[in-house]
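Colleague: Could you take me through one part of this model closely, and then place it within the whole chain? I would like the cut-offs spelled out as you go.

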Amino acid sequence: MKYYSTNKKVSGVSLQDAVVKGLAEDKGLFMPDSIKALPQSFFDTIETLSFQEIAYTVADAFFGEDVEAEALKKIVYETLNFDVPVVHVNDNIYSLELYHGPTLAFKDVGGRFMSRLLGYFIQKQGENNVKVLVATSGDTGSAVANGFLGVEGIHVYVLYPKGLVSPIQECQFTTLGQNITALEVDGTFDDCQALVKSAFMDDELNAKLKLTSANSINVARFLPQSFYYFYAYAQLKKLGKANDVVMCVPSGNFGNITAGLFGKKMGLPIKRFIAANNRNDIFLQYLQTGVYTPRPSVSTIANAMDVGDPSNFARVLDLYGASHEAISAEISGVSYNDEQIAETLKACKQETGYLLDPHGAVGYRALQGGLAANETGVFLETAHPAKFLETVENIIGEKVEIPQKLQEFMKGEKKSLPMTKNFESFKSYLMSI
Ligand SMILES: *Cc1c(COP(=O)(O)O)cnc(C)c1O
């Protein structure tokens with residue numbers, strides 16, 4: 001399969017180059033030349049297959065031409081060694097719990113898959129010294145660091161804003177050691193991202209080091225997120241609820257929902273999508289006006305979605321031939337403020353006993369008012385509520401139990417290198433490693 005750039009100045013790129021480069025040279029995002037439809041027979045029996053079997057079929061459609069079958073199977077099976085259950089919450093609303101992986105957030109799927117696929121290509125190329133730079137406001141750093149932990153030939157540098165990530169999140173990437181280095185930047189998340197971007201643009205650094213990025217612009221991180229949409233459908237089919245499925249996706253950079261849209265293109269019978277936003281409602285504005293106007297993000301209690309210029313919007317446009325009408329026909333949008341998110345989280349706990357995290361709460365609320373009687377709604381529960389401990393405990397007025405996996409991270413010793421937000425000091429650090 002060849003990949004082209006959403007900016008249309010680059011095409012014919014191999015999967016290997018798309019994964020190693022991350023972003024195209026014209027600054028666009030890579031898209032596969034074609035999206036293969038899966039056969040009807042697959043959907044007829046999907047409920048008899050395991051998550052790993054389903055995922056392998058989907059992975060084969062994307063990557064089968066470029067990765068040997070046995071290697072791809074191993075990557076899929078190693079990535080998905082945890083469950084992604086569909087849980088009934090209320091009426092015709094279900095939660096797709098994506099938080100049973102090592103760092104308790106959905107980004108584990110993409111982080112783990114990408115680390116293994118990149119590892120596979122690096123071994124093939126005979127490279128052994130690739131540096132992954134990742135800026136994080138919390139969840140991405142932990143998923144990427146844990147995904148890449150112990151992968152040979154790759155060293156990960158996590159840049160995070162000092163004092164601005166929660167203590168639980170911080171320990172998920174500062175206590176690992178081995179091939180993971182945490183850089184504690186005296187600045188904001190935007191400063192971290194600016195340092196990473198400057199590094200990618202610096203000729204001297206790129207002549208010396210093999211640098212790559214691991215956020216959802218990378219096809220190896222975002223495409224695997226389609227796997228669990230298929231598995232959710234299989235579980236609904238088992239329950240006799242697979243007609244008129246509405247998928248509601250709490251969205252920030254729009255990687256997660258775009259993966260679902262790819263699934264629909266492959267034939268997955270999802271009736272429609274809802275993009276659920278916090279106050280950063282750039283996509284909703286686009287749906288309402290037909291004009292895309294990025295603006296600086298505002299901070300909310302669903303902070304993993306505090307994005308003012310969603311990077312994967314370019315992929316959504318490309319997928320629908322830039323037609324506002326076609327996009328609006330399949331995707332609707334909602335936006336809720338912090339008060340509404342908190343109110344929903346609290347009411348859901350009281351009325352159903354189900355504990356949402358602030359991101360899942362945005363998705364749940366959208367389905368509460370937004371389903372026709374015949375529709376089944378599934379929202380993606382993108383992180384475990386304990387990852388946002390203080391926020392959630394304050395809202396419900398109760399203690400939240402911290403899962404064993406998170407407690408293990410909290411026992412480790414925090415190690416990080418202090419870094420200023422000044423590019424010259426970051427550059428001289430990178431030149432010295
Ligand atoms: C990253 C993240 C999101 C947003 O996902 P996108 O793919 O960026 O739209 C939502 N919820 C949580 C908990 C996240 O970590």
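Modeller: Happy to; here is a close look at one helix pair, followed by the chain around it and a few single residues.

A word on conventions comes before the details. This is a predicted model, in which local features need pLDDT of at least 70 and side-chain atom pairs count only at pLDDT 80 or more, while totals for chains, interfaces and linings use all residues. Residues are numbered from 1 along each chain as its sequence is written, and side-chain values use heavy atoms, with hydrogens and water left out.

Let us start with the pair. The axes of helix 16 (residues 338-352) and helix 17 (residues 358-370) come within 9 Å and cross at roughly 80°. That makes helix 16 roughly perpendicular to helix 17 (the label covers angles of 65 to 115 degrees; under 35 is roughly parallel, over 145 roughly antiparallel, and the rest oblique). Axes here are lines fitted to C-alpha atoms, for helices over the stretch in contact, and angles run from 0 to 180 degrees between N-to-C directions. Helices (H or I, at least four residues) and strands (E, at least two) are DSSP runs, numbered from the N terminus.

Which residues make the contact between the two? Helix 16 contributes Gln-340, Ile-341, Glu-343, Thr-344, Leu-345, Cys-348 and Thr-352, and helix 17 contributes Pro-358, Ala-361, Val-362, Tyr-364, Arg-365 and Gln-368. Contact means heavy atoms within 4.5 Å. Seven residues of this contact are nonpolar, four are polar and two are charged (Ala, Val, Leu, Ile, Met, Phe, Trp, Tyr, Cys and Pro count as nonpolar, Asp, Glu, Lys and Arg as charged, and the others, Gly among them, as polar).

Now for the whole chain. The protein chain has 20 helices and 13 strands, and its C-alpha trace spans about 60 × 50 × 40 Å along the principal axes. A compact globule of 433 residues would have a radius of gyration near 22 Å, and the 21 Å of the protein chain agrees with that (taken over C-alpha atoms; the rule is 2.2 Å times the number of residues to the power 0.38). Buried residues make up 58% of the 433, where buried means under 20% relative accessible area, exposed over 50% and partly exposed in between (1.4 Å probe, protein chains only). Among contacts between residues at least 6 apart in sequence, 73% join residues at least 24 apart.

Helix 7 (residues 167-174) is a good example of a mostly covered element, with seven of its eight residues buried. Its buried residues, among them Ile-168, Cys-171 and Phe-173, pack against helix 6 (139-148), strand 6 (154-161), strand 7 (180-186), helix 18 (389-396) and helix 19 (404-411).

Two loop residues deserve a check of their backbone. Leu-104, between strand 4 (93-97) and helix 5 (107-125), has a positive phi of about 60° although it is not a glycine. Phe-254, between strand 9 (245-250) and helix 12 (255-265), likewise has a positive phi, near 65°. Leu-104 is buried at 4% relative accessible area, and Phe-254 counts as buried at 4% relative accessibility.

Finally, Leu-430 lies in helix 20 (residues 423-432) and counts as buried at 0% relative accessibility. Not counting residues up to four places away in sequence, Leu-430 touches Leu-133, Ala-199, Leu-205, Lys-208 and Leu-209.
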